[in-house]
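Biologist: I would like to learn how to read a sheet and a domain boundary in a model. Please take me through one case.

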Amino acid sequence: MLTCEAISEAAAKCLVKAGTTFRKDQFEAYRRAIETEKNENARWVLEKILENAKIARKKRYPLCDDTGIPHLFLEIGDRTMLPAGWLSAVHLGINRGLKVMPGRPMAVKGTVVERVEQSKGLFQDPGKVLPAPVTVKPTRGDKLRITVLLLGGGPEIRAKTYRIFHRRSMEGVLKEAADWARAEMSHLGCTPCTLAVGIGRSHAESSALMLEAMKEGRLDRQNPWERKLTAWLNETKVGPLGLGGSTTALGAFLKVGPLRASGVRIVTVRPCCCVEPRRATVALGNNQ
Amino acid sequence: MKGLRDRKDVIKVRTPVDEETIRHLKIGDRLEIEGVIYCGRDAVLPRIARLFEKNELGTINVHLKGAVIFHTAVSIAGIGPTSSNKVEIEESIPILSRAGVKIHLGKGALNSKSIKALKENNAIFAVTPPTSALFAAKTISQRLVAFKEEGMEAFYEINVTGFPAIVAIAHGKTLFAQPPS
């Protein structure tokens, strides 16, 4: 059976990898963008982001100083044997990972009002940055798969969850969602973005689906709707850092969940910044 | 003039920055900044602005004439631009420009009021990518200046070499594209 120590160690390593390492599809997306981008300043930004990713990978240094809020996506097989205290072990691993990476010490001290008003200062310990509520999903098999996603603050200012009247048109829903993002692009600052979109039955569900899109999406495997979302954003010519050019978005990740009989869809849109989605996954078997 | 064009596309700017250097910079210019730059963001910039308005900046030994202010946290995770259009940061830009800040360094488009204030005070806004690992290689030293209680949002100064940036707003002009309606 899995041990709590193995779970903690895996979660800690997973967090560090998520915060310091571009995936292969991210490296390739940036290389493609540098090849095709004609705006000199835009290309300079893309080259700097790529250079940063290489240094971060080599030195195990955070990709961005905003190391983000850990969001955990756990998939538990129907034959996975979990030890007592397994979820606490995941949280302990996140705490350890934040200390090792290190994460940015940005947890706010105090009571409810003091936290909201940020009047009692911050914890110096990066491990005090607690994970967001955990998403758990059942799967087949005997594995526990832990995915750590690190969500930065900039995209949170620009993200939106709201209703869209679908009028029986997928294109209409996505166009309206893209318009939300297009309005925010030049203010995001950290473009090129990857647009994460969740469509569900409630605000909570569509947000969870957006997170799942961030977990699964690949920049080298884009479906036609994702390509369309990307093209709509690139039409804005906002470009990297908002300086102009053709690379406003590297791609889009779309996840549609079960839907209710209604003329309304609840849609979450998050323009992930130029180092996101920062994610890593580890799979643990019953004998680890 | 302390801004020297050493290649067609890179201008070396040394702090403190003089008026003439700023007058010669234009949007799209690529900079490499050398010297001491201040770091502050949401929590501390309004406090710095209030001290200037009360003529009390001397109490924390801060001198903003010719200064560069980078909108960033400073922590063990490094440095990197935060959104300069967050209310507390953007509201501080006109006041700090009057106080002598010449380069505001951050990310994200600014509003027309900020663009106007920058022009009136011969100051500019430059942007830099969120490249913390790269910045670590460009940072020689760092020092806490004031407001330690704000943690990573305290007021710091860092000594940098070859710190990369692009001029995004200068003399009433902006590089920021507006999305089509």
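Modeller: Start with pairing: two strands count as paired if DSSP finds at least two bridges between them. Note that this is a predicted model. In it, A:Arg145 stands opposite A:Ala283 in β8(A). Over 7 bridges, β3(A) and β8(A) pair in the antiparallel sense.

Biologist: What holds paired strands together in general?

Modeller: Strands of a sheet pair through backbone hydrogen bonds, either parallel or antiparallel. Here the open sheet has 4 strands in chain A, in the order β2-β1-β3-β8, and its pairing is mixed.

Biologist: Which strands stand at the edges?

Modeller: They are β2 (135-139) and β8 (278-284) of chain A. Each has a single partner strand, so one side of each lacks a neighbour in the sheet. From one strand to the next, the twist averages 15 degrees.

Biologist: Now the domains. Into which parts is chain A divided?

Modeller: Domain 1 takes in 1-21 + 63-152 + 278-288, and domain 2 is 153-272. Taken over C-alpha atoms, the centres of these two domains of chain A are separated by 25 Å.

Biologist: How many residues of each domain are in contact with the other?

Modeller: In chain A, 9 residues of domain 1 are in contact with 9 residues of domain 2. On the side of domain 1 that touches domain 2, β1 (69-77) and β3 (144-151) of chain A each supply at least two residues. β3(A) gives the most to that side, with 3 residues. By class, that side of domain 1 of chain A has 3 nonpolar, 4 polar and 2 charged residues.

Methods. Residues are numbered from 1 along each chain as its sequence is written. Chains are lettered from A and ligands numbered from 1 in the order in which they are written. This is a predicted model: local features need pLDDT of at least 70, side-chain atom pairs count only at pLDDT 80 or more; totals for chains, interfaces and linings use all residues. Domain bounds come from an automatic or database domain assignment. Two residues are in contact if their C-beta atoms, placed from the backbone, lie within 7 Å. Ala, Val, Leu, Ile, Met, Phe, Trp, Tyr, Cys and Pro count as nonpolar, Asp, Glu, Lys and Arg as charged, and the others, Gly among them, as polar. Axes are lines fitted to C-alpha atoms, for helices over the stretch in contact, and angles run from 0 to 180 degrees between N-to-C directions.
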